[in-house]
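Welcome, and please open your viewer for a short guided tour. At each stop you will be told what to select and what to look for there.

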Amino acid sequence: MAVHYVLEAADLEDGGRTIVSVEGREIGVYRIGGQFYAVHNYCPHQGAPLCKGVVCGTTLPSDVYKYEYGRGGEIVRCPWHGWEFDIKTGKSLISGKVRARTYKVEVSEGKVGIVIGS
């Protein structure tokens with residue numbers, strides 16, 4: 001497995017995102033609560049540039065006629081069809097069978113690296 005250092009940790013503020021290229025792949029790097037996450041910039045639904053979608057939260061399970069909003073800044077919404085994915089895990093909020101590809105992230109000496117390989 002190879003670690004590809006793509007940016008300085010200080011260059012991405014909390015709640016921010018950037019899209020980088022690693023070995024011909026576009027990958028969105030997000031900073032949530034001081035932690036870094038990496039998501040393939042490809043929506044598994046129909047191939048949209050997922051990481052260009054809105055970063056938001058979602059409605060949480062709640063009583064009838066009551067809407068609770070939560071998980072702010074942890075969800076990315078596909079710009080084409082609105083499918084929502086958990087940035088931390090890649091899991092779809094639409095279907096348990098669909099997920100966006102995620103990558104392990106390592107931070108070393110202030111640099112953010114994405115781990116590629118098996």
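## First stop: the hairpins

Start by selecting glutamate 23: in the hairpin of β2 and β3, which has 2 residues between the strands, this glutamate takes a positive phi near 50°. Here strands are DSSP runs of type E with at least two residues, helices are runs of H or I with at least four residues, and both are numbered from the N terminus. Before going on, keep in mind that this is a predicted model, where local features need pLDDT of at least 70 and side-chain atom pairs count only at pLDDT 80 or more, while totals for chains, interfaces and linings use all residues. Residues are numbered from 1 along each chain as its sequence is written, and side-chain values use heavy atoms, with hydrogens and water left out.

Now select β2 together with β3, residues 25-32: 6 bridges join them in the antiparallel sense. Two strands count as paired if DSSP finds at least two bridges between them. Which residue stands opposite isoleucine 19 in β3? Look across from isoleucine 19 and you will find glycine 28. Threonine 18 has valine 29 as its bridge partner in β3.

Next, move to glycine 33, which takes a positive phi near 60° in the hairpin of β3 and β4. This hairpin has 2 residues between the strands. β3 and β4 pair in the antiparallel sense over 6 bridges, and in β4 the partner of glycine 28 is valine 39.

## Second stop: the sheet of 4 strands

Add β8 to your selection to see the whole open sheet, whose 4 strands have the order β2-β3-β4-β8 with antiparallel pairing. Its edge strands are β2 (17-22) and β8 (102-103), each of which pairs on one side only. Strand β4 covers residues 35-40 and pairs with β8 over 2 bridges, in the antiparallel sense. To find this pairing, select valine 39, whose bridge partner in β8 is threonine 102. As you look along the strands, remember that in a regular strand the side chains alternate between the two faces of the sheet.

## Third stop: the sheet of 3 strands

Select β5, β6 and β7, which form an open sheet in that order, with antiparallel pairing. β5 (54-60) and β7 (84-86) stand at the edges with a single partner strand each, so one side of each is left without a neighbour in the sheet. From one strand to the next, the twist averages 60° (between lines fitted to C-alpha atoms, with angles from 0 to 180 degrees between N-to-C directions).

Strand β6, residues 68-77, runs antiparallel to β7, and 3 bridges join them. Which residue in β7 stands opposite isoleucine 75? Aspartate 86 does.

Stay in strand β6 and pick glutamate 74. Is glutamate 74 buried or exposed? Glutamate 74 counts as buried because its relative accessibility is 18%. Buried means under 20% relative accessible area, exposed means over 50%, and partly exposed lies in between, using a 1.4 Å probe and protein chains only. Leaving aside residues up to four places away in sequence, glutamate 74 touches Ile32, Cys56, Phe85, Asp86, Ile87 and Lys88. Contact means heavy atoms within 4.5 Å. Try a distance too: glutamate 74 and tyrosine 37 are 37 residues apart in sequence and 10 Å apart in space, C-alpha to C-alpha.

## Fourth stop: the cores

Select Tyr30, Val39, Leu50, Phe85 and Ile87, which touch the most other members of the largest nonpolar core, a group of 15 residues. A nonpolar core is a set of buried Ala, Val, Leu, Ile, Met, Phe, Trp, Tyr and Cys residues joined through side-chain atoms within 4.5 Å. β3 and β4 each supply at least two residues of this largest core. A second, separate core has 13 residues, including Leu7, Leu12, Val20 and Phe36.

Zoom in on phenylalanine 85, whose contacts beyond four places in sequence include Cys43, Pro44, Leu50, Val98 and Ala100.

## Last stop: the whole protein

Zoom out to see the whole protein, which has 0 helices and 10 strands. Along its principal axes, the C-alpha trace spans about 50 × 30 × 20 Å. Buried residues make up 37% of the 118 residues. Of the contacts with a separation of 6 or more, 42% are between residues 24 or more positions apart.
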